[in-house]
Amino acid sequence: MTGPLQHTLKALQTFLDTPLEELIDSSASTSAHVLSLFHRVVQTVPAYHDFLQQQGVDPKQIQTLEDFATLPLTTKDNYLRQFPIPRLCRDGKLETCDMIAVSSGSTGEPTFWPRFISDEYQISTRFEQIFADSFAADQKRTLAVVCFALGTWVGGMYTANCCRHLASKGYPLTVITPGNNTPEILRVVQTLGPMFDQVVLLGYPPFLKDVIDTGLALGIPWPQYHLKWVMAGEVFSEAWRDLVGERVGSTSPCFDSASLYGTADAGVLGNETPLSICIRRFLADHPTIAAELFGESRLPTLVQYDPRSRYFEVTEEGTLLFSGDNGIPLIRYHICDRGGIIPYDQMLAFLQARGFDAIATLQQQGHVPIRPLPFVYVFGRSHFTVSFFGANIYPENVTVGLEQPEICDWVTGKFVMQVQTDADQNSHLVIDVELAPGEAASPARTDAIAASVLHQLRRLNSEFAHYVPEAYQTPQIHLRPNGDPTYFPIGVKHRYTRSPED
């Protein structure tokens, strides 16, 4: 039996035969695992061996986590783009991987991410956490509808494969892949949904909302399908979760949805759990406590992670690093996401000191295994903010204003914010908002949005409340027709901010 085949069979057997509790055993030694990963990568990945040599690092000197923390960071520019793809792979062979995904960064330049099937098994454990702990899919016949784009892009194929691995493990789970084709998704749900105990939609938050809203307009009775949904790719508010939940008949917000923190670089790095959602919902209602915990006036994505699968660190600048095994193994890889890590016990103690018992609150809502895993929080990229009177205005703050019950039915949730200067050189916060299909602008609607966004900015953003003079706090709202070619062109990735030069 050859080496690669032995490796594949061992990884498969471990995944299939090991209960979830053991796959995410928090008592196992993180230090030993991380150091073992490092030395294995040095020995088997030619590019990383050469990288350390160029940096003057002796791998034999790395014997503790403190030593590990002195290693140079790797990035796309200083590592991935400096070596041929095969040398970035195990044994310097691209053929050790069986699939390649593609991502495009802000420059639009494609990056290729090889992986092997065994890399998917550890990521499947993140899906297993959600499907078992949140959706009880180990006991219910479940239809998983993959609504991420298919093709070379990482989301659709990766998600479909991981869900199929769960089915191989014995979950009564069936996967179908309509991709981001709304009519086909709706046809699938209506035709196959009644044959299952529940239906799970997996996709990007704005797209899933559009699917659900389109279905409602067509008279689809979402509550009959006991809908759950899994998201990735964007930060969303708890008001958004409530809004979508209300439209599909959700009664358990901590158990009916979950978000993945994923990247094309390394698959899923962490996932929402019922506990992390319960905590985030408390913090959404207590923005002062949230700002104290996270250091910013916006609510980040909050997930739990397994440090033996993806080991996180935080730079002095407040950005995240991770290390993990993949088709291209990555050591102290800098992904530029702003965020931080909070140990499990520290998180619970912080909340307890402020009068919130997260575990007791969650257990009142339903029985769920509590996984004592650390937390990582992730903000949207900082360049999506605008500065107004010295206050950073985040899209997340504005989003909540558009998701209020008196507004959300006639807008799509998309907007563009910018700071404009008038003839007297006075600055104004201007927000262009996309109307839902068939909806028309009116002065009353403009005023309603301005008042709602103003209320949420004052409530959520202490910088805004204290820095911006009251006379300038009310935003100027422009309502734009659906698909407006200047602000909301169809088929183009949406940008929530615009500079005066754009």
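## Close-ups of a predicted model

**View 1. An arginine over a phenylalanine ring.** In this predicted model, R354 lies over the face of F350, and the distance to the ring centre is 3.7 Å.

**View 2. Another arginine, this time over a tyrosine.** Here we look at R115, whose charged end sits over the ring of Y158 at 3.9 Å from the ring's centre. Y158 turns up again in the next view, as one of the residues that D119 touches.

**View 3. D119 and its partners.** D119 belongs to helix α7, which covers residues 117–134. With a relative accessibility of 5%, D119 counts as buried, because the limit for buried is under 20%. Its side chain makes a polar contact of 2.6 Å with the side chain of R90. The D119 side chain also reaches the backbone of G327, coming to 3.1 Å from the nitrogen. Setting aside residues up to four places away in sequence, D119 touches R90, Y158, D325, N326 and G327.

**View 4. Y48 in the largest nonpolar core.** This core has 70 residues, and the members that touch the most others are Y48, F127 and F131. Zoom in on Y48 and, leaving out neighbours within four places in sequence, you find contacts with F38, V41, V42, L71, T74, Y79 and I331. There is also a second core, separate from this one, with 28 residues; among them are C278, Y344, F350 and L351.

**View 5. An aromatic cluster that takes in Y48.** The cluster is made up of F38, Y48, F51, F68, Y79, F83 and Y311. Two of its rings, F38 and Y79, are also on the contact list of Y48.

**View 6. A stacked pair, Y344 and F375.** The whole structure holds 22 aromatic pairs, and this view picks out one whose ring centres are 6.4 Å apart. The planes of Y344 and F375 meet at 0 degrees, so the pair counts as stacked. These two rings connect distant parts of the chain, 31 residues apart: Y344 sits in helix α14 (residues 344–352), while F375 is in strand β13 (residues 375–378). Both Y344 and F375 are buried.

**View 7. A tilted pair, Y487 and F488.** The ring centres of Y487 and F488 lie 6.4 Å apart, with the planes at 40 degrees, so this pair is tilted. How buried are the two partners? Y487 has a relative accessibility of 15% and counts as buried; F488 is buried too, at 2% relative accessible area.

Conventions
Residues are numbered from 1 along each chain as its sequence is written. This is a predicted model: local features need pLDDT of at least 70, side-chain atom pairs count only at pLDDT 80 or more; totals for chains, interfaces and linings use all residues. Side-chain values use heavy atoms; hydrogens and water are left out. Helices (H or I, at least four residues) and strands (E, at least two) are DSSP runs, numbered from the N terminus. Buried means under 20% relative accessible area, exposed over 50%, partly exposed in between (1.4 Å probe, protein chains only). A polar contact is a pair of N or O atoms within 3.5 Å; within protein, one must be able to donate a hydrogen and the other to accept it, and residues adjacent in sequence count only if both atoms are side-chain atoms. Contact means heavy atoms within 4.5 Å. A nonpolar core is a set of buried Ala, Val, Leu, Ile, Met, Phe, Trp, Tyr and Cys residues joined through side-chain atoms within 4.5 Å. Rings of Phe, Tyr and Trp (its six-membered ring) pair if their centres lie within 6.5 Å; planes under 30 degrees apart count as stacked, over 60 as edge-to-face and the rest as tilted. A charge sits over a ring if NZ of Lys or CZ of Arg is within 6 Å of the ring centre and within 35 degrees of the ring normal.
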